[in-house]
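Biologist: I'm new to this one, and I'd like a close look at a single part. Please walk me through the second cavity and then its neighbours in the list of empty spaces.

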Amino acid sequence: MGVNIKFRLLFNTFLLLKVFLFSFLIPSSIFGQAPLSLGPIPVRNQFPISLRFLNFTPDTPRPLAEGTGQISYQLAIGNSFINTRGDSGDLNPELVSSGLEEGDFILQETGQPRNGYNLYIDVETYRHLFKIKMGTPFETEISVEWPLIGFTGGFLDRPIEVVHEMTGVDNNAEDGGFRSKSDRNRFDYYLIRNNQFIFNSQKPFDLQLGDPVFDLKWNFLQESKLAPNMSLKLSYKFPWDSAEHYPRNLISSGHPDYGVYFLFSKSFFENKWIGYWEGGETFLEASGKNFKNSLKHAFLAIEYHPNPEQSWLIQWAHQSSIFPSKSPPLDGTIREYVVDRGLGQATDVLTLGVKQIFASQVYYVGFSEDVTQTRNEVDFLLFFGMEWQL
């Protein structure tokens, strides 16, 4: 939904609270020590363009015990609708249905595209993720994950509009993504920069193999009465082909990416509450001229245990944009065009979820909602996951 300064204040307050809790000014009696937490919900950024690259995934600093393993499955359904020309009205349903061309993004008064970048994205993404973890010696853990991804028209457009209407968001305005100006449940995927399409497709596709990701996590400081759990996590995305052809080019960059992340956690109030502070940087090998070559991440979460078999989680993920904040000048011009409507700004996503243990297996469900951006972030995300111990 739209930008709201209250969310910014909440984020800053949350950060100050974390620092306060980690400080030595608080009596150690309120802190717990090394609980068996269920951990944060491991949902990465699901913005369709970002799915081509590696991204930070929340994780618990505590590795699996040496010689043990875990298999997990996750389904994430993301709905994204972005129309950077929504207030102009020229990208009407009839024109979109017939297929957009480069000339449809030209401003008549200037003969140039608006502010360098333009997007028209009406996509529902389905991402099935399979992952296996193994506990290894020296407080380390290794894992590999491999996604199956599909892009479709989906079914969530109208339900999201209804939620907007119930919460006072205008679907005719930018905060509502100009959703009412377009047909529902279509698949249209266009990204243009300086008169040239980067992506141009109206053809949905079913499940396609994404790129596998390999992780190594090292828990170099174990939790005590006052000390938090602290881990270093290294990630590597392996491109199993060049991704030069459709639809692989929509879900893979065709090049490797690397990630360096830190993971902190601390339990308190008799182990019923656990706080997480995580983040780091993802390095994109093949971002080229159209995308940034790195992404910065910050993550905060609170996990509440009403009982040992259940966790309630509230998570906040902050990430720099995949888009640069400036666009190079067009041929024959000397002006540098600003990226349209804040595409280069950072994004914030709020996630709410619950984890439950049934018959020694962990299940989780929840949703994510963008809270400060409507231009470079998934609008709404539903997810479900299962974890089996080996």
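Modeller: Let's start with what surrounds the second largest cavity: seven nonpolar, three polar and five charged residues (Ala, Val, Leu, Ile, Met, Phe, Trp, Tyr, Cys and Pro count as nonpolar, Asp, Glu, Lys and Arg as charged, the others, Gly among them, as polar). Keep in mind that this is a predicted model, where local features need pLDDT of at least 70 and side-chain atom pairs pLDDT 80 or more, while totals for chains, interfaces and linings use all residues. Residues are numbered from 1 along each chain as its sequence is written, and side-chain values use heavy atoms, with hydrogens and water left out.

The second largest cavity holds about 120 Å³. Its lining counts 15 residues, and Arg44, Phe53, Arg127, Asp211 and Val213 sit nearest the centre. Strand β5, residues 140–152, chips in with the largest share, three residues. (A cavity is a set of points on a 1 Å grid over the protein atoms alone where a 1.4 Å probe fits but cannot get out; a pocket is an open set with protein on both sides within 12 Å along at least five of seven lines; lining residues have an atom within 4 Å of a point.)

That cavity has company: the whole structure has six cavities of 30 Å³ or more. The largest cavity comes to about 240 Å³. Around the largest cavity are 21 lining residues, with Val43, Arg44, Asn45, Ala317 and Val349 nearest its centre. Arg44, then, turns up in this central group and in that of the second largest cavity. Strands β13 (294–307), β14 (310–319) and β17 (347–358) each bring at least two residues to the largest cavity's lining, and β14 gives the most, with four. Sorted by class, that lining has nine nonpolar, 10 polar and two charged residues.

Now for the open kind of space. The largest pocket contains about 730 Å³. It has 34 lining residues, and Leu38, Leu64, Gln70, Glu387 and Gln389 are the closest to its centre. Two or more lining residues come from each of β1 (69–83), β4 (117–136), β5, β17, β18 (361–370) and β19 (380–389). Of these, β1 has the largest share, with four residues. By class, the pocket's lining splits into 14 nonpolar, 11 polar and nine charged residues. Two strands make a return here: β5, which we met at the second largest cavity, and β17, which helps line the largest cavity, both belong to the pocket's list as well.

Notes:
Points joined across faces, edges and corners; volume = space filled by probe spheres on them.
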